[in-house]
Amino acid sequence: MEHYFDQSATTKPSEAAIKAFTDAAQVWGNPSSVHQLGQQSAALLRDCRAKVAKSLGMQRVTKDMLLFTSCGTESNNIAMLGCAAAKKRDPQCPGTIVITAGEHPSIENPAQRLESQGYDVLRVPTCGGVLDLAMLEDKLKNCRMPVIFAGFMLVNNETGAVYDVKSAAALVKKYFPDAVVHCDAVQGYMKLKFTPYTLGVDTLTVSAHKIHAIRGAAALFVSENVLKRRHLVPVMPGGGQEFGFRSGTENLCSIASLAAAAEEGRLHLAENREATSALRKRLDEALAQLDVKQNQALGAENAEFLPNICSIVLPDIRSETMLNYLSGRGIYVSAGSACSAHAKKKSAALEAFGVTAEDADSTLRISLDYTNTAEDVDALAEALREGIAALQRKRTV
Ligand code: PLP
């Protein structure tokens, strides 16, 4: 029996998502071809775009734009690098990029690239899971070069902290009305109710494989305002698909799967969240009986967390050791975040949250959702109890 608690890394495709994927495999014409076969694919693509647009509350698909990409990483890169490339920049004064401390690498790493090219990068502190808006305002008032792009994630992938993107976006617009404000909503999509309009952002990323669709597709919302002002240019020249912003023949199977999962998720958002919260309550109760602490205890008074991500510190046991112990028992969690596992460096998000380096080394990320069961939670709690006893014993032998 397997118990999956790595839902923030990826999710198991739903039946509807798999069906949409396999059905789309029969619609194999190139959506850019003008003949009948191509037009069948183009019609399916239009239908998928309408469904994902609806899930993001887009009424005006014709004015604002929703483009399909291959993954959240690509959408984030198109937004930031496309904005930086949009205008001829003065090498002495290219501009300022604002992001949060502890963004996902798909925002942090392109920002570092721009930093090496002379842009200033301001990182807004996120101590206790809250965006420091006073510090943001102070930085905005005193920045050396105009802000051209600001990227705020909606939910942190390691702590589950929900950030006040709406207030941050409004602050940036107050001081720099021309800046492109972006939201990486990958971890909040289908877990929270939001739209790019309620957040007040210009561009926004969501990704298929985090919402029970098959990987290989994602979307990027781009506002009419950004398009009109030409604040975004394509970073990958090619055949001009996806309104010219993401050249390359569309991955219609994955896109169809994303659309099906978005439709399902939109209809069941409230009940899915309720089911996840009930499981989280059960998990919290079980964890309270164990020798672990929750990183969320460091949360600020006004911090908000999704029930989906539970970050715990083990007693003197390295996270990888416990991860392997649990994996051997068919229980899957991750250490900090799966995405940073390749980098093998300490987690900037946990550090920014206020976790010590020592605790970060012993942090496990347990990510759950409505597809988990009470039995999963009980099995995890029991395995953790046994694991702590066994691994601590080993250390003392
Ligand atoms: N942004 C956040 C907050 C994420 O958690 C992830 C993936 O974990 C991504 C972006 C990247 O998404 P993708 O895996 O689709 O590239």
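Student: Why is Leu391 called buried?

Tutor: The relative accessible area of Leu391 is 9%. Buried means under 20%, so Leu391, at 9%, counts as buried. The value comes from a predicted model. Leu391 belongs to helix α13, which spans residues 374–396.

Student: What separates Leu391 from Leu131, in sequence and in space?

Tutor: Along the sequence the two are 260 residues apart, and from C-alpha to C-alpha the distance is 37 Å.

Student: What is the C-alpha separation of Val222 and Leu67?

Tutor: Their C-alpha atoms are separated by 7.9 Å, with the two positions 155 residues apart along the chain. Val222 is part of strand β9, residues 218–222.

Student: What makes Val222 buried?

Tutor: Its relative accessibility is 0%. The cut-off for buried is under 20%, and therefore Val222 is placed in that class.

Student: Why does Thr203 count as buried, and what does its side chain contact?

Tutor: Thr203 has a relative accessible area of 0%, and the limit is under 20%, so the residue is buried. Thr203 sits in strand β8, residues 203–207. Its side chain has a partner in the side chain of His182, at 2.8 Å.

Student: What makes that pair a polar contact?

Tutor: A polar contact needs N or O atoms within 3.5 Å, one able to donate a hydrogen and the other to accept it. The side chains of Thr203 and His182 make such a contact at 2.8 Å.

Student: What makes strand β3 mostly covered?

Tutor: In β3, residues 96–100, 5 of the 5 residues are buried. The cover is on both faces: Thr96, Val98 and Thr100 are buried on one side, and Ile97 and Ile99 on the other.

Student: How many bridges pair β3 with β4, and in which sense do the strands run?

Tutor: There are 5 bridges between β3 and β4 (residues 120–124), and the strands run parallel. Pairing requires at least two bridges, so with 5 the two strands qualify. Within this pairing, Ile99 faces Arg123 of β4. Between β3 and β4 the chain passes through helix α4, residues 105–116, and this β-α-β crossover is right-handed.

Student: What supports a pairing of β3 with β5?

Tutor: These strands share 4 bridges in the parallel sense, β5 being residues 147–153. The requirement is at least two, therefore β3 and β5 count as paired. Val98 has Ala150 as its bridge partner in β5.

Student: Why are β10 and β14 said to stand at the edges of their sheet?

Tutor: The open sheet has 4 strands in the order β10-β12-β15-β14, with antiparallel pairing. β10 (293–294) and β14 (334–335) each have a single partner strand, so one side of each lacks a neighbour in the sheet.

Student: What joins β10 to β12?

Tutor: 2 bridges join these antiparallel strands. The threshold is at least two bridges, so β10 and β12 are counted as a pair. Gln294 is bridged to Ile312 in β12.

Student: What makes the phi of Met190 worth pointing out?

Tutor: Met190 is not a glycine, yet its phi is positive, about 70 degrees. Most residues other than glycine have a negative phi. Met190 lies in the loop between β7 (180–184) and α7 (196–199). At 13% relative accessible area Met190 is also buried.

Student: Where is Asp316, and what is its phi?

Tutor: Asp316 is in the loop between β12 (309–313) and α10 (319–328). Its phi is positive as well, about 60 degrees, and Asp316 is not a glycine.

Student: Which residues come nearest to the ligand?

Tutor: Of the 15 residues around the ligand, these are Thr73, Asp184, Gln187, Ser207 and Lys210. Helix α3 (residues 72–84) gives the largest share of this shell, 3 residues. By class, the shell has 4 nonpolar, 9 polar and 2 charged residues.

Student: What makes the approaches of Thr73, Asp184 and Gln187 to the ligand polar contacts?

Tutor: The limit for a pair of N or O atoms is within 3.5 Å. A side-chain N or O atom of Thr73 is 2.6 Å from a ligand oxygen. For Asp184, a polar side-chain atom is 2.6 Å from a ligand nitrogen. For Gln187, the distance from a polar side-chain atom to a ligand oxygen is 2.7 Å. The protein covers 93% of the 390 Å² of accessible area that the ligand has on its own.

Note on methods:
Residues are numbered from 1 along each chain as its sequence is written. This is a predicted model: local features need pLDDT of at least 70, side-chain atom pairs count only at pLDDT 80 or more; totals for chains, interfaces and linings use all residues. Side-chain values use heavy atoms; hydrogens and water are left out. Buried means under 20% relative accessible area, exposed over 50%, partly exposed in between (1.4 Å probe, protein chains only). A crossover is right-handed if, with the strands pointing away from the viewer, the path from the first strand over the helix to the second runs clockwise. A residue is near a molecule or strand if one of its heavy atoms lies within 4 Å of it. Accessible areas come from the Shrake-Rupley method with a 1.4 Å probe; for residues, only the protein chains shown count as cover. Ala, Val, Leu, Ile, Met, Phe, Trp, Tyr, Cys and Pro count as nonpolar, Asp, Glu, Lys and Arg as charged, and the others, Gly among them, as polar.
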